[in-house]
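This report considers the empty spaces and the nonpolar cores of one protein model. Please look at the sequence and the structure before reading on.

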Amino acid sequence: MSLLRLIRFPNLLILTLGMYLFRLMVVEPLLILSHEAPKITEFNFFLIVISTILIAAGGYIINDIEDIDSDRINKSDKVVIDKTINKDTAWNIYIIVSFLGICTGFYLTFSQKVNYIAYTDLVAAGILYFYSTTYKKMILIGNVLIALLTSISI
């Protein structure tokens, strides 16, 4: 249960739903209107969603790791790290989920020829790391970066 709280499972479900609804309600109707066939298979789209979810989960984890001191003061009832999951374990989970997300993107780009997913995943994971460690302390940059990543996920 603590792991699900750490990765913000409800948020990841909403992201998954948003990606699938956008494909179903916007992309596919536009393809039908233009008499085009989808260029990405259902399975490859599923892998894109998985890579996005893994990168986002990593972003939530690194954010909690970096905010542990302020979260103890401001949201002591919601802190997971060092209460039920120690900081080293959280770091390991962060590295694993981010690595798996990036690897999935590289598989899609280089094996399945789904353009740019590897680069997008790599940049997104980097931005989430630097957001948590540096950018969120800057007035506008952090918010702009997170808004950009949210829009790119769809």
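## Pockets, cavity and cores

The lining of the second largest pocket consists of four nonpolar and six charged residues, with no polar ones. The model described here is predicted. The residues that form this lining are R5, R8, D64, I68, D71, K75, K78, V79, V80 and I81. The second largest pocket encloses about 230 Å³ of space.

One member of that lining, R8, also has a notable backbone angle. R8 sits in the loop between α1 (2-6) and α2. Its phi is near 55°, which is a positive value in a residue other than glycine. R8 has a relative accessible area of 22% and therefore counts as partly exposed, since that class lies between the limits of 20% and 50%.

A positive phi is also found at D82, where the angle is near 75° and the residue is again other than glycine. D82 belongs to the loop between α4 (68-74) and α5 (87-110). With a relative accessible area of 41%, D82 is partly exposed as well.

The largest pocket has a volume of about 1,100 Å³. Its lining comprises 41 residues, of which T52, L149, I152, S153 and I154 are the closest to the centre. Two or more lining residues come from each of α2 (9-33), α3 (42-66), α6 (117-133) and α7 (141-153). By class, the lining of the largest pocket contains 26 nonpolar, 10 polar and five charged residues.

A cavity is a different kind of space. Rolling a probe the size of a water molecule over the atoms shows where empty space is left. A pocket is open, whereas a cavity is a place where the probe fits but cannot get out. How many cavities of 30 Å³ or more does the structure hold? There is one such cavity, and the largest cavity has a volume of about 30 Å³. The residues around the largest cavity are I55, G58, G59, I62, Y94, S98, A125, L128 and Y129. At least two of these lining residues are supplied by each of α3, α5 and α6. The greatest contribution is that of α3, with four residues.

The table sets out the volume and the lining of each space.

| Space | Volume | Nonpolar residues | Polar residues | Charged residues |
|---|---|---|---|---|
| Largest pocket | about 1,100 Å³ | 26 | 10 | five |
| Second largest pocket | about 230 Å³ | four | no | six |
| Largest cavity | about 30 Å³ | six | three | no |

The nonpolar cores complete the description. In soluble globular proteins, nonpolar side chains tend to be buried together. The largest nonpolar core of this model has 27 residues, and L6, I61 and A90 touch the most other members. The elements α2, α3 and α5 each give two or more residues to this core. The largest share is that of α3, with 11 residues.

Which residues are in contact with A90, leaving aside its neighbours within four places in sequence? They are L6, I61, I65, I81 and I85. I81 also appears in the lining of the second largest pocket.

Apart from the largest core lies another core, of eight residues, which include A124, A125, I127 and L128. A125 and L128 are also among the residues that line the largest cavity.

Terms used:
Residues numbered from 1 in each chain as written. Predicted model: local features only at pLDDT ≥ 70, side-chain atom pairs only at ≥ 80, totals over all residues. Heavy atoms only, no water. 1 Å grid on protein atoms, 1.4 Å probe; cavity = no way out; pocket = protein on both sides within 12 Å on 5 of 7 lines; lining within 4 Å. Points joined across faces, edges and corners; volume = space filled by probe spheres on them. Nonpolar A, V, L, I, M, F, W, Y, C, P; charged D, E, K, R; others polar. Buried < 20%, exposed > 50% of the residue type's maximum accessible area, 1.4 Å probe, protein only. Core = buried A, V, L, I, M, F, W, Y, C linked by side-chain atoms within 4.5 Å. Contact = heavy atoms within 4.5 Å.
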